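Dear colleague,

Please find below the structure that I am handing over to you. My notes on its contents follow directly after it.

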Amino acid sequence: MMSAPLVKVLHRMQELFTNIVAALEAMLLFPSIFRDPTRKRRKPFHGVYWGRRSLDSFADEVDHLFTAPLSVQNMVAMSDKIRVQFRSCLQSSPVCMLPSYNHALPSGTETGTYLALDVGGSTLRVALVELRGQGDMRILHVSSSYIDNDVKLLEGTLFFDWMAEKIDSMLREVGANCGREAVPLSMGLSWSFPIEQTSASSGLVIHMGKGFHCSNGTVGQELGDLIVQSCRNRDLNVQVDAIVNDSSATLLSRAYIEPKTRMSLILGTGTNVAIHFPVHEIGLTKFGTRPPGWFDYAKNVIVNSEMSMFSGGILPKTRWDEVINRTHLRPNYQPLEYMITGRYLGEIIRLIIVEAVESAKLFGGELPHSMRDAYSFDTSIVAALEADTSPLLASSAALLQKEHTFAVSPTIDDLRFLRRVCQTVSKRAAGYLATAIHSMWCLRNEVEFPTTATSAPPSIKETQEVTVVESEENPLSLSIACDGSVINKYPGFRDRCQGYLNDLAKETNALRPSLDGTSEAKVRLDLAPESAILGAAVAVAVAVAEKKLE
């Protein structure tokens, strides 16, 4: 048997060899990346996958590679396979399908005024939120503070003192006594960093990352206590009643307005889905330590799926996806994320551009030097190209030349090629996202409604009947709360994803008998604006309501 040090050395040598192979492959596939721009250009290298071709021919190939997997039947088959992964990870995975401590959803009748904090990687937002019942909630006052590098370098309790200063400043703008009354002001915290959560309102600080130093000297301490103590030093009487992550906050914020909300979707730089799921379907070991009696009253719980980690080996990849994966610091770690999120859509397009310059004379065969670096083609440019419907694509040309320096200005054919490729790549992203969402929806239906999910298919006569009057909404229907820059702002993305979901739901409905007197089951993507702030407030309201029942 080999010694442990020798095994480590062999593993490192294997990693080094893999990285060298990946680099050599990138040099073969994309030689223009490595060409010295000061030297006179030689005859272009004809890469492994291409010879000289037209832009239209290249665009046709891109279109085929990206859209071929998107037939409804194929997407349903991929959805079924992803569902097997979900089920497996529900039982034992320590990194995904993680049950939170939030088990109750709002009824929409909760009322009260609460302090809400949204702590992200670059911004702290502090708000006073009023819940008025009947799904009505208002942000009464909000302040936003940029977290610059000096703030990130604040160590230990100094960061929480800075937070308390911002909380104090916002509350003083509301009123001199706000947050200083005899009864503590209940506070909800939307925390965008890892913590070791111990209850719905408490969690232990662990290393934060993202350049933050406040975990230095505070690791293992209770997060809520640190914030409350810093607030008390400023004579503020507050208490932390809820701590949530972004996906849970999004679900809760929309559920207060729309009772059929059972899932949330975050799609921006990264992606995630949370779902309200039956406790008995989750492996017991995944719950860790829970308060006494928790399993007696918690029948469902919000599960953080970490959906970005699923779909490996199921969703087909193109050669450009393969390059991203192989050259990534964590290959195969988040396969879905690498193909659908704002972090990677621009890089997929950039790799296609590099090949098009080599093989189809895009940009006159000269790749701008600024595009040679990985992740230098931002997804905001992709979105702008797709949004530009003008005949000459003038705004696209201006944006490209603002962000990148060209030897020769892009031609109208160059711009049309780019726009078509952007549409193709984002179309696949919407289709793959819809496939994963459909898989989660079907999993939920299997466990919540086992009799309807597993019954025999309806007769041909039944599937041909048309219901004109819908007497009652199908219990299998649900609303998905959506937040994030791509799902909310990328031109046409949500509508395209909704279209795929409609097709998938229709296909699933055809294989499942409809419940008497109900309409067809539907999945609806609904925007959840200001979800971090509003979700934190709703989480507090739910927690306060539960305390009153105890």
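**Arginine and aromatic rings**

R343 lies over the face of Y375, at 4.1 Å from the ring centre. The charged end of R343 also sits over the ring of Y344, at 5.9 Å from the centre of that ring. Please bear in mind throughout that this is a predicted model.

**Aromatic pairs**

Turning to rings that pair with one another, the count comes to 16 aromatic pairs. One of them is formed by F58 and W320, whose ring centres are 6.3 Å apart and whose planes meet at 45°, a tilted arrangement. F58 belongs to helix α3 (residues 55-67) and W320 to helix α10 (residues 319-326), so this pair ties together parts that are 262 residues apart in sequence. Both F58 and W320 are buried.

F58 has a further ring partner in F417. Here the centres are 5.8 Å apart and the planes stand at 35°; because planes under 30 degrees apart would count as stacked and those over 60 as edge-to-face, this pair is classed as tilted. F417 lies in helix α15 (residues 412-448) while F58 lies in helix α3, so the pair ties together parts that are 359 residues apart in sequence.

How buried or exposed are these two phenylalanines, F58 and F417? F58 has a relative accessibility of 0% and therefore counts as buried. F417, at 4% relative accessibility, counts as buried too, because the limit for that class is under 20%.

Elsewhere, ring pairs link a cluster made up of F159, F160, W162, W191, F193 and F212.

**Strand β12 and its partners**

The remaining notes concern strand β12, which spans residues 478-483 and is mostly covered: six of its six residues are buried. Which residues point which way from β12? L478, I480 and C482 point one way, whereas S479, A481 and D483 point the other way, and all are buried.

Strand β12 pairs with strand β9 (residues 261-267), to which it runs parallel and is joined by five bridges. Within this pairing, I266 has D483 of β12 as its bridge partner. Strand β12 also pairs in the parallel sense with strand β13 (residues 523-527), again over five bridges. There, the bridge partner of L478 is V523 in β13.

With kind regards

Terms used
Residues numbered from 1 in each chain as written. Predicted model: local features only at pLDDT ≥ 70, side-chain atom pairs only at ≥ 80, totals over all residues. Heavy atoms only, no water. Phe/Tyr/Trp six-rings, centres within 6.5 Å; stacked < 30°, edge-to-face > 60°. Helix = DSSP H or I, 4+ residues; strand = E, 2+ residues; numbered from the N terminus. Buried < 20%, exposed > 50% of the residue type's maximum accessible area, 1.4 Å probe, protein only. Lys NZ or Arg CZ within 6 Å of the ring centre and 35° of its normal. Pairing = 2+ DSSP bridges.
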